[in-house]
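Here are some notes for a first look at this model. Please keep the structure open beside them and take the points in order.

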Amino acid sequence: MTAFMTLPDARRFALTNATLPAVLVKGLPVAAKDGLVPADLVISDGKIEAILPAGSASADLVAADLRGGMVWPCFADMHTHLDKGHFWDRRPNPDGTFEGALMNVREDRMANWSADDIRARFEFSLKSAYAHGTKLIRTHLDSIPPQPDISFPLFDEIRAEWKDRIALQAVALLPLECVLDESVFGGIVATTKRYGGLLGGATRILPDFERILDTLFKAAANNGLDIDLHVDETEDKQVLTLEAIAEAKLRNRFEGSVTVGHCCSLARQDDETAGRVIDKVAKANISVVSLPMCNMYLQDRHAGRTPRWRGVTLFHELTAAGVKTAVSSDNTRDPFYAYGDMDPVEVFREAVRILHLDHPLDTSARVVTSTPAAILGRPDIGVIAEGGPADLVLFSARRWSEFLSRPQADRIVMRNGMGIDRRLPDYRDLDPILDK
Ligand SMILES: [Zn+2]
């Protein structure tokens, strides 16, 4: 789709009559209506030189008039699976269930996940993410041996190749029972450390769960690694490992960063239990990422029965308790989620609907920008700041209702002050690896 306007071809120029989400602008003193403030931006040599009250940029500057259109910083997508994206057409999940997804991913991984196969799908996702305006991505990498020895060196190559476009982080996603098997876990920890990754895994009710967590936290502490776990991705209220994770972080006095994703079953608890667990998560300073599109797709799916709940965690209650909360893509066109395009605008739009982030929407823009970037240790990303790079996303939409009602396909993505080529990769590019 053609961009909604053209950018000036100049070293120094102004973006006038912009509308900025105030929560994403460093040092903005203006009280904002609906969280939005009018402003002029001066761009110079690829950087944001000044953020000015609307109408006050010098008339001598070459200017692009946004006529009220929103300007956001580039996005942070903090929970993805780039190693398993885009193979739906090769190995779908015919019944759409969580169990079916696990089985089909396992079979596809064992049959097909060479470095070349992963690279083709991984890069497809990166091209899409870049075109949509993303600048920072954390991906989980399936890490059941021998896969980490293929995926992590490949990740390291791709991270270097993409470093000027998208900053990448990787989490070793392992079956947590293997934490107690030193012959397996020791190798995964070493690989994770060698490639600057994080330790992760999917929790479920396991014998010796406290010992597993203590071993995981000790290994992370001893090797200077952070932790990012898939937690309680189930409607089964009996499964509530989130509390044990918070207790383990406190018990081990773990000083690294701990992030948990999903936490679906928290929403199935009675108020007293939920309140107790949320307090512990807040006390332990654990960050929570919700994956609303994937949760609504997988949770409460039973053949022939209409779903009765949305599958998402207690996002508002966690936020109110002071927990850092964000939303993210999760899976893309694989057995865990048949759809998706690595577009944080879609994730935000769906999150607003599914999690009721609206009314008011005043600070909601943080959930795909500044908060996930801060959780990932990159507070420089996902914000609009004087002196920072002009890595911005420009929209025709002026207000929330306009922004959230269309896919914003005509947006402009600016990197270092220049518009990028926003063409999305063609699905046909994947045919060579999928036509097997
Ligand atoms: Zn995930």
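1. Start at the hairpin. E15 and E16 form it, with two residues between them. In the turn, asparagine 416 has a positive phi of about 50 degrees. Keep in mind throughout that this is a predicted model.

2. Next, the pairing inside that hairpin. E15 and strand E16 (residues 418–419) are antiparallel and share two bridges. Arginine 415 has methionine 418 in E16 as its bridge partner.

3. E15 also pairs with strand E14 (residues 392–394). Three bridges join E14 and E15, which run antiparallel. Here valine 393 stands opposite valine 413 in E15.

4. Which way do the residues of strand E15 (residues 412–415) point? Ile412 and Met414 point one way. Val413 and Arg415 point the other way. All of them are buried, Arg415 included.

5. Now the open sheet. Eight strands make it up, in the order E6-E7-E8-E9-E10-E11-E12-E13, and the pairing is parallel. E6 and E13 are the edge strands, each pairing on one side only. From one strand to the next, the twist averages 20 degrees.

6. Within this sheet, look at E7 and E8. Seven bridges join these parallel strands. Isoleucine 137 stands opposite leucine 168 in E8. Helix H2 lies across E6, E7 and E8, and it runs at about 155 degrees to E7.

7. Helix H3 (residues 147–161) comes next. It has 15 residues. From first C-alpha to last it reaches 21 Å, close to the 21 Å expected at 1.5 Å a residue.

8. Which residues of H3 are buried? They are Gln147, Pro148, Ser151, Phe152, Leu154, Phe155 and Ile158. Their cover includes three helices, H1 (98–112), H2 (115–132) and H4 (182–194). It also includes strands E7 (134–142) and E8 (167–175). So H2, which lies across E6, E7 and E8, is also part of what covers H3 by the definition of contact, heavy atoms within 4.5 Å.

9. Leucine 216 deserves a look. It lies in helix H5 (residues 209–223). Is it buried or exposed? Leucine 216 counts as buried because its relative accessibility is 0%, and the cut-off is under 20%. Leaving out residues up to four places away in sequence, leucine 216 touches Leu176, Val179, Phe185, Leu199, Ile227 and Leu229. Alanine 248 is 32 residues from leucine 216 along the chain, and their C-alpha atoms are separated by 9.6 Å.

10. Then the metal site. Which residues coordinate the zinc ion? His79, His81 and His230 do so, each through NE2, and Asp330 does so through OD. The distances are 2.1 to 2.4 Å. In sequence, the donor residues are spaced H-x1-H-x148-H-x99-D.

11. Why is the zinc arrangement irregular? The four donor atoms subtend angles of 87 to 176 degrees. A tetrahedral site needs all angles between 85 and 135 degrees, so the upper end of this range rules that out. For four tetrahedral donors, the ideal angle is 109.5 degrees.

12. Last, two of the zinc donors. Histidine 79 lies in strand E6 (residues 75–80). Aspartate 330 lies in the loop between strand E13 (325–327) and helix H10 (344–355). The pair therefore ties together parts that are 251 residues apart in sequence. Histidine 79 is buried, with a relative accessible area of 0%. Aspartate 330 is buried too, with 1%.

Note on methods: Residues are numbered from 1 along each chain as its sequence is written. This is a predicted model: local features need pLDDT of at least 70, side-chain atom pairs count only at pLDDT 80 or more; totals for chains, interfaces and linings use all residues. Side-chain values use heavy atoms; hydrogens and water are left out. Helices (H or I, at least four residues) and strands (E, at least two) are DSSP runs, numbered from the N terminus. The expected span of a helix is 1.5 Å times one less than its number of residues. Buried means under 20% relative accessible area, exposed over 50%, partly exposed in between (1.4 Å probe, protein chains only). Donors are N, O and S atoms within 2.8 Å of the metal (3.2 Å for Na, K and Ca); water is not among the atoms, so sites may look incomplete. Four donors count as tetrahedral if all angles lie between 85 and 135 degrees; four count as square planar and six as octahedral if opposite donors are over 155 degrees apart and all others between 65 and 115; anything else is irregular. Two strands pair if DSSP finds at least two bridges between them. Axes are lines fitted to C-alpha atoms, for helices over the stretch in contact, and angles run from 0 to 180 degrees between N-to-C directions.
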